[in-house]
Amino acid sequence: MNVSLAKDLSVYQLVMGVQAPPKPLSLSPATLLSLVRAQIDLLIEQQIAATLWVKLPPEKIWQSELARYQSSVGASSLIYTCQINESGKGGDEGAGEAGEENTPSSSSSPSSSSSAHYVRVHVPPDSQLRRENFLMVLSPQFCSLVLAHRPLKKRKNQTSVKVNTNKSQPLLIISTVEGRIIQQVLDGIQQAIAPESSAIPVDLTCPTAPQASLMNQLFAKQLLRQDEINRQIIAVRTTKLQQLNQELHNKEQLQDEYLKNLCQELRTPLTHMKTALSLLNSPNLKPPQRQRYLQMLNTQCDQQNSLITGLLELVQLERNLEGTTLESVRLSDIVPGVVSTYQPVAQEKGIMLAYTVPTELPSIWCVSGGLRQIVINLLHNSIKFTPNGGEVWVRARIQGDHVQLEFRDTGIGIAESEISKIFDRFYRVRTAATEDYGGAGLGLTIVQQLLVRCGGSISVKSKLYEGSTFTVQLPSVGDTPRAIATEHE
């Protein structure tokens, strides 16, 4: 059976229109749930076959209360479920769907295994009921109304208002068992029903006051349900606080480890410089030795400067990365220029340096200036760790929705056990106990941070003494055109 409302209706206004209306309380949705559950508990325990007028949120936690009552009382109950009509569809954000008599229309409606009677009440789309939820119980033994009204929220500097749809905000809640109030609500609903709708088989005068024993039981159940929900809320909040504390603890540990490593990295060049200065004070120092110690001082000063510069770059990057906008850039506008800059360095070491960048590759998204930094850091590493006479290639191609940029060299390679460490701060490759290729150990960390910000990624394949391949995936912009590759050496 279907019922339609011919005019707008507000249960809240019907309640507030009675003489000496109850005072609404500003309470949470959790309190509303506890009140609804307590009502259902009482109806089930006393096996009260009632007529229910209902408009509850569509979430399963609310609809399961109707299913619980339906499965207990069954065919002797009659449930009117209100839903907002929108373009011929049932349901909205504030109304749960229910089907015609004995035919629930959605999975969120009470189970169809029971024979309880369900009636869908169609409500106009602009109805004030959109902002209301309620459960009204009608029976000779017991009548009650639990009502929640979500008030309109005024917009700043505007005369218009909007519905406050934030479910975490307090509601205006009324819970009453007064027969005069419930009767006025029932009369108002009956007056709003369209003449062509089926007659509603409800001819009931609400009792002035329920039995004292029923009220005592209802109050007890409300306390129990509220306590249960409070304990659940506390448990959830406690879990979140524990997780937050653990995250803060882990963050502190990472910061401590970072500072420890930083101090160690800063101390190492200073130790070497102090040693060289001490040796330079020797009275029997020969010119070649003096030159070697001076060179040691120069190398360690460069190392210290590289470390401090890298740290400042990383700190600046991490501080501003989230707020940095992405830009559309073409690889063909960046890669050739960087390769040309490193050609003299490669020629000095006898390294063949070549690149293949298709001129029609799509543009990619990257942090402003980030693509150049990525290419510089990866190309610098490839040349640095490739011995004299080796080879370094830079290649770009389409890979699905990304552009793939590959850096391959015939360098010293990376041991399999070390590959997982190369993006760590201050990590530097050492192929022997006495061999150190210098650098701050921050270049790959900076590359990874830039790629994370733009939605890209980097992977590495390497074999010791045979070379490494770093593969960068960058998100492309727009369609992918046909690529025509040309090689330059």
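**Note on helices 7 to 9 and T469**

1. Helix 7 covers residues 335-348, and its 14 residues should span 20 Å at 1.5 Å a residue; the end C-alpha atoms lie 20 Å apart, so the expected and modelled spans agree. The model is a predicted one.

2. Helix 7 has a kink of about 40 degrees at Y342, shortly before the proline P344. Y342 is also among the buried residues of helix 7, together with V335, P336, V338, V339, Q343 and A346. After helix 7 comes G350, with a positive phi near 70 degrees.

3. What covers the buried residues of helix 7? The cover includes helix 8 (370-384) and three strands: strand 12 (352-356), strand 14 (391-399) and strand 15 (402-409).

4. Helix 8 also pairs with helix 9 (residues 443-454): their axes come within 9 Å and cross at roughly 150 degrees. The crossing is left-handed. On the helix 8 side the contact is made by G370, Q373, I374, N377, L378 and N381, and on the helix 9 side by G443, L444, I446, V447, L450 and L451. Sorted by class, this contact has seven nonpolar residues, five polar and no charged ones. As for spacing along a helix, residues three or four places apart point the same way because an α-helix has 3.6 residues a turn.

5. T469 is part of strand 17 (residues 467-475). Is T469 buried or exposed? Its relative accessibility is 17%, so T469 counts as buried, the cut-off being under 20%. Apart from neighbours within four places in sequence, T469 is in contact with E406, F407, R408, S459, V460 and K461.

Conventions
Residues numbered from 1 in each chain as written. Predicted model: local features only at pLDDT ≥ 70, side-chain atom pairs only at ≥ 80, totals over all residues. Heavy atoms only, no water. Helix = DSSP H or I, 4+ residues; strand = E, 2+ residues; numbered from the N terminus. Expected span 1.5 Å × (residues − 1). Bend = angle between axes of the 7 residues up to and from the residue. Buried < 20%, exposed > 50% of the residue type's maximum accessible area, 1.4 Å probe, protein only. Contact = heavy atoms within 4.5 Å. Axes fitted to C-alpha atoms, helices over the stretch in contact; angles between N-to-C directions. Left-handed = near helix turned anticlockwise from the far one by under 90°. Nonpolar A, V, L, I, M, F, W, Y, C, P; charged D, E, K, R; others polar.
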